[in-house]
Amino acid sequence: MSIKPLWQKLINVEQNKAYFQSLMNNVDKQRKAGITIFPPENEVLNAFESVDIPDVKVVILGQDPYHGEGQAHGLAFSVLPNIKIPPSLVNIYKELSTDIENFISPKHGCLDSWSKQGVLLLNTVLTVQQANAHSHAKLGWETFTDAVISELNDKNDHCVFIFWGAHARKKGRNIDSDKHLVLSGPHPSPLSSYRGFFGSKPFSQANQWLRNQGEDIIDWRINEK
């Protein structure tokens, strides 16, 4: 797959800016110095391969990628089918099981079926050092994902923004609430999930709003691989 055309147009613009060049140079230097960076270089922008700007129905925004071996593959909260399901995703499945009728937690953590339906699975920061959470915060990714959210706010007719965690919630300040629905809450990690993530029912709320807009809803159920 390749990056969708309108996303590629935005990325081309951002790539020419000083902040982005500094960001890429910094990440590249770390990789060349032997520091393990997740996700792999060819998967950093995976989120922009499945759905283009006008077709995004739901944005799920997290913090930064998983920092364990083999976990991050460019879709926020998702891991490939052969990787153990991380605790945050276990909690997401728990919430889904009480929020969405007939949802059964799968034995894998790959969320690509959501992406194919128009769910943009994005983090505020798109790379991380192995075993070092938040290590790439403030390198410049936040500026890039600000541009992504702004482009969706302006160019998408109506979508649902789901912001989990303090870093993500900051992105919601300038969303046009006349066009879009914003749902904010605690991050689903074990450290914060009991502060209001459980019982927040973001998935059914998103579908109800999409239905009210005349859009097809998201099938949040996940088939076994």
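## Close-up views of a predicted model

**View 1. The second largest pocket has a lining of three nonpolar, five polar and six charged residues.** The model shown here is predicted. This pocket has a volume of about 330 Å³. Its lining counts 14 residues, and those closest to the centre are E142, D146, H167, K170 and K171. Which helix gives the largest share of this lining? That helix is α5, residues 141-155, with five residues.

**View 2. The largest pocket holds about 520 Å³ of space.** Its lining is made up of 23 residues. Nearest the centre lie Q63, D64, S88, H187 and S189. Helix α3 supplies at least two of the lining residues, and so does α6 (166-169). By class, the lining of the largest pocket divides into 10 nonpolar, 11 polar and two charged residues.

**View 3. Helix α3 covers residues 87-99.** How far apart are the end C-alpha atoms of this helix? They are 18 Å apart. The helix has 13 residues, and at 1.5 Å a residue it should span 18 Å, so the two values agree. Now look at the side of α3 that is covered. Its buried residues are S88, L89, N91, I92, Y93, E95, L96 and D99. Among the elements that cover them are α4 (112-116), β5 (160-164) and α7 (202-212). One of these buried residues, S88, is also among the residues nearest the centre of the largest pocket.

**View 4. The largest cavity encloses about 120 Å³.** Its lining consists of 17 residues, and P65, G74, L75, A76 and N123 are the closest to its centre. How many charged residues does this lining have? It has no charged residues; 13 are nonpolar and four are polar. The count of cavities of 30 Å³ or more comes to two. The other one is shown next.

**View 5. The second largest cavity has a volume of about 50 Å³.** Q63, D64, T124, V125, H134, A137, E142 and H167 line this cavity. By class, they are two nonpolar, four polar and two charged residues. Some of these names have come up before. Q63 and D64 are also among the residues nearest the centre of the largest pocket. E142 and H167 are also among those closest to the centre of the second largest pocket.

**View 6. V119 sits in strand β3, residues 119-123.** Is V119 buried or exposed? Its relative accessibility is 1%, so V119 counts as buried, because buried means under 20%. Beyond its neighbours within four places in sequence, V119 is in contact with V51, V58, I60, W114, I218 and W220. A206 is 87 residues away from V119 in sequence. In space, the two C-alpha atoms are 11 Å apart.

**View 7. In strand β6, residues 181-185, the side chains alternate between two faces.** Which residues point to the buried face? They are L181, L183 and G185. V182 and S184 point to the other face and are not buried. In a regular strand, side chains alternate between the two faces of the sheet.

**View 8. Strands β5 and β6 run parallel.** Five bridges join them. One pair to find is F163 with its bridge partner in β6, S184. S184 is on the face of β6 that is not buried. Strand β5 is also among the elements that cover the buried residues of α3.

Definitions and conventions. Residues are numbered from 1 along each chain as its sequence is written. This is a predicted model: local features need pLDDT of at least 70, side-chain atom pairs count only at pLDDT 80 or more; totals for chains, interfaces and linings use all residues. Side-chain values use heavy atoms; hydrogens and water are left out. Helices (H or I, at least four residues) and strands (E, at least two) are DSSP runs, numbered from the N terminus. The expected span of a helix is 1.5 Å times one less than its number of residues. Buried means under 20% relative accessible area, exposed over 50%, partly exposed in between (1.4 Å probe, protein chains only). Contact means heavy atoms within 4.5 Å. On a 1 Å grid over the protein atoms alone, a cavity is a set of points where a 1.4 Å probe fits but cannot get out, and a pocket is an open set with protein on both sides within 12 Å along at least five of seven lines; lining residues have an atom within 4 Å of a point. Grid points are joined across faces, edges and corners, and a volume is the space filled by probe spheres set on the points. Ala, Val, Leu, Ile, Met, Phe, Trp, Tyr, Cys and Pro count as nonpolar, Asp, Glu, Lys and Arg as charged, and the others, Gly among them, as polar. Two strands pair if DSSP finds at least two bridges between them.
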